[in-house]
Amino acid sequence: MGHFDRRGPELHAEQVSLTRIAADVGTPCYVYSRAAIEENWRQFNAAFGDYPHRVCYAVKANSNLAILNLLARLGSGFDIVSGGELERVLRVGGDPRNIVFSGVGKSEWEIRRALDVGIGCFDVESTAELRLVNSTAASLDTAAPVAIRVNPDVDADTHPYIATGLNQAKFGIALEQALDAYRLAAEMRHVSVLGVACHIGSQITELAPFEDALERLLRLVEDLEETGIPIEHVDVGGGLGVRYRDEQPPSAREYVSALIEGMCKRGFDLPITIEPGRSIVGSAGVMLTRVEYVKRTPVKQFAVVDAGMNDLIRPALYAAWHDILPVALSATGSTQRYDVVGPVCETADVLGQDRVLDVAQGDLLAVCTVGAYGWVLSSNYNSRPRPAEVMVDGDQFYLIRNRETMDEMCAAESILPE
Ligand code: LLP
């Protein structure tokens with residue numbers, strides 16, 4: 001796992017033992033590696049070499065302020081989908097000019113706030129949104145920088161819940177309607193057309209869908225140029241997969257090279273924006289959880305742990321597979337098959353099925369590759385306080401989000417007067 005390795009029997013994050021973190025912070029708890037996050041971001045950035053580009057980290061993958069701040073310090077741009085994500089990026093010193101704002105349902109206040117702070121580009125997903133962006137910009141006496149997110153109708157061969165580039169999806173403007181949308185945009189006084197954008201899905205482990213999408217985008221750019229609408233950048237979205245089990249996704253270098261080649265092949269040298277989320281933080285995080293009970297039924301064995309689907313919903317929601325490792329290897333070496341389940345009152349509350357493990361009550365487990373879409377999808381279901389988050393940096397570790405307290409969990413609620 002790179003930055004999560006065993007030193008002797010003990011799993012470490014960089015140079016810090018995960019047992020030590022669990023003893024200090026408690027469980028469940030997410031642990032991230034600073035080095036892993038920075039290395040992943042730098043690989044994308046370096047792969048472009050001199051080619052003009054912008055790496056806009058997709059904030060939704062993990063929006064902890066410490067992570068955003070580390071990326072801002074590296075000079076990352078950000079892909080946001082809400083006013084809340086915008087505030088987070090601004091709070092950690094991200095440069096608004098390097099923000100792209102995606103999403104099918106931007107509200108007027110979100111558009112206004114984004115214009116106020118001077119964001120780099122709106123990735124507009126419908127003509128109705130285009131009109132609202134234009135009128136909001138007019139009321140502020142400014143011009144909104146926009147790209148139109150087109151739906152290239154390519155099959156990214158990923159889980160149906162995270163495929164976004166098929167013509168059935170709610171995302172983007174269909175390719176065949178794109179030219180008209182651009183003509184409309186070009187006539188608007190308070191919109192300045194900068195780019196074309198797409199995003200075809202997530203956890204994509206082949207290059208071909210990205211290459212197809214880019215080619216379709218560039219054909220549109222050709223048509224636009226003929227129509228007299230020049231394009232200044234191409235945003236290909238995010239979506240590069242990571243290895244959860246045995247997937248072999250292309251490296252950042254292979255992915256970026258394919259994009260640059262695709263550009264050159266059609267005679268373009270337009271700046272490229274990418275919006276990677278999972279591939280920057282996914283491999284950089286584990287979730288620590290403790291075995292509360294080992295339970296044997298006539299047909300199964302369960303390791304009941306203290307993290308549930310409210311802490312990590314990916315297995316329940318997408319049937320996602322995450323490796324589950326004992327933090328300390330035991331000397332007995334006698335393994336058995338367990339379903340690793342949480343305490344939530346739902347049959348779907350399973351973190352891993354049929355895992356071969358050597359575990360006992362009180363043991364610590366690490367659920368792997370949960371840096372992306374882990375904590376951010378957590379909830380208070382069953383009134384469970386959301387887990388703590390820790391960042392490891394070399395031989396140090398820092399609490400970057402405290403375990404939610406009971407007071408915090410109830411703070412926003414109030415009861416009716418007598
Ligand atoms: N850009 C846009 C417009 C997006 O919608 C997304 C992800 C990204 C970039 C980043 O994609 P990435 O590089 O992370 O694949 N919760 C799901 C994933 C949902 C992805 C949504 N959009 C999961 O846990 O698998």
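Biologist: What makes the approach of Asp-79 to the ligand a polar contact?

Modeller: In this predicted model, a nitrogen atom of the ligand is 3.2 Å from an N or O atom in the side chain of Asp-79. A polar contact needs a pair of N or O atoms within 3.5 Å, so this pair counts.

Biologist: Which atoms of Arg-278 and Tyr-373 lie by an oxygen atom of the ligand?

Modeller: For Arg-278 it is a backbone N or O atom, 2.7 Å from a ligand oxygen. For Tyr-373 it is a polar side-chain atom, at 2.6 Å from an oxygen of the ligand. The protein covers 92% of the 590 Å² of accessible area that the ligand has on its own.

Biologist: How many residues surround the ligand, and how do they divide by class?

Modeller: There are 18 residues around the ligand, and the closest are Ser-202, Glu-275, Arg-278, Arg-314 and Tyr-373. The shell has six nonpolar, six polar and six charged residues.

Biologist: Which domains does the shell draw on?

Modeller: At least three shell residues come from each of domain 1 (4-32 + 282-410) and domain 2 (103-274). The centres of domain 1 and domain 2, taken over C-alpha atoms, are 36 Å apart. Eight residues from domain 1 and eight residues from domain 2 take part in the contact, which is counted for heavy atoms within 4.5 Å.

Biologist: How many disulfides are there?

Modeller: The count is zero. Cys-345 is in no disulfide, and its nearest cysteine sulfur, in Cys-410, is 18 Å away.

Biologist: Why is there no bond from the sulfur of Cys-410?

Modeller: A disulfide is a covalent bond between the sulfur atoms of two cysteines. The cut-off is 2.5 Å between the sulfur atoms. The closest cysteine sulfur to that of Cys-410 is in Cys-345, at 18 Å, and therefore too far for a bond.

Biologist: Why is Cys-345 called exposed, and Cys-410 partly exposed?

Modeller: Exposed means over 50% relative accessible area, and partly exposed lies between 20% and 50%. Cys-345 has 66%, so Cys-345 is exposed. Cys-410 has 44% relative accessibility, so Cys-410 counts as partly exposed.

Technical notes. Residues are numbered from 1 along each chain as its sequence is written. This is a predicted model: local features need pLDDT of at least 70, side-chain atom pairs count only at pLDDT 80 or more; totals for chains, interfaces and linings use all residues. Side-chain values use heavy atoms; hydrogens and water are left out. A residue is near a molecule or strand if one of its heavy atoms lies within 4 Å of it. A polar contact is a pair of N or O atoms within 3.5 Å; within protein, one must be able to donate a hydrogen and the other to accept it, and residues adjacent in sequence count only if both atoms are side-chain atoms. Accessible areas come from the Shrake-Rupley method with a 1.4 Å probe; for residues, only the protein chains shown count as cover. Ala, Val, Leu, Ile, Met, Phe, Trp, Tyr, Cys and Pro count as nonpolar, Asp, Glu, Lys and Arg as charged, and the others, Gly among them, as polar. Domain bounds come from an automatic or database domain assignment. Buried means under 20% relative accessible area, exposed over 50%, partly exposed in between (1.4 Å probe, protein chains only).
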